[in-house]
Amino acid sequence: MALFGNAHTINPATAQQDYARLLGQGEQVHAAYQLIRDSILFTDRRLILVDKQGITGKKTEYHSIPYRSITHFAVETAGTFDLDAELKIWLSGASVPIQKTFTKGVDIYEVQAILTQFVAR
């Protein structure tokens, strides 16, 4: 469950600058989201999950997931009592999905549409 309602959209141009060292030549960020300390970037080539670790958040793990590795995904909308929405992504060769939680500040339908755009190519 996300805390304090800190999930929000990041301007793609800002994410492009902030994460330039992670991007390949000509790779473009199309959408980005901040989830507490973690981030999710949708580029034209892959999905990048930025996982801040530890108390200070100085240690960071970057997951690079080519869209072709995604076998399927699901979104679960927020409800009346459960205010968080979830994104689940299954990768080829993995039985357990990657799960990310979004608060009301993010339109989960928008996230799903962006993922559909890149996975369904």
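What share of the 121 residues in the protein chain is buried? Buried residues make up 36% of them. The legends below describe a predicted model.

**View 1. The whole protein chain and its order of elements.** The protein chain holds 2 helices and 8 strands. Read from the N terminus, the order is β-α-β-β-β-β-β-β-β-α. A strand opens this order, and a helix closes it.

**View 2. The overall dimensions of the protein chain.** Along the principal axes, the C-alpha trace spans about 45 × 35 × 25 Å. The radius of gyration is 14 Å. This agrees with a compact globule, because a chain of 121 residues folded that way would have a value near 14 Å.

**View 3. Contacts within the protein chain.** Take the contacts with a separation of 6 or more. Of these, 34% join residues 24 or more positions apart.

**View 4. The surface and charges of the protein chain.** The exposed area is about 7,300 Å². Carbon and sulfur atoms supply 52% of that area. The protein chain carries 12 positive and 12 negative charges. The mean positions of these two sets lie 8 Å apart.

**View 5. The hairpin of β4 and β5.** Strand β4 covers residues 46-53, and strand β5 covers residues 59-66. The two strands pair in the antiparallel sense, over 8 bridges. Together β4 and β5 form a hairpin, with 5 residues between them. G54 sits in the turn and has a positive phi of about 75 degrees.

**View 6. A facing pair in the hairpin.** Which residue of β5 does R46 stand opposite? The partner is P66. In a regular strand, side chains alternate between the two faces of the sheet.

How values were computed:
Residues are numbered from 1 along each chain as its sequence is written. This is a predicted model: local features need pLDDT of at least 70, side-chain atom pairs count only at pLDDT 80 or more; totals for chains, interfaces and linings use all residues. Side-chain values use heavy atoms; hydrogens and water are left out. Helices (H or I, at least four residues) and strands (E, at least two) are DSSP runs, numbered from the N terminus. The radius of gyration is taken over C-alpha atoms; the globule rule is 2.2 Å times the number of residues to the power 0.38. Buried means under 20% relative accessible area, exposed over 50%, partly exposed in between (1.4 Å probe, protein chains only). Contact means heavy atoms within 4.5 Å. Accessible areas come from the Shrake-Rupley method with a 1.4 Å probe; for residues, only the protein chains shown count as cover. Lys and Arg count as positive and Asp and Glu as negative; His and the chain ends are not counted. The place of a charge is taken as NZ of Lys, CZ of Arg, CG of Asp or CD of Glu. Two strands pair if DSSP finds at least two bridges between them.
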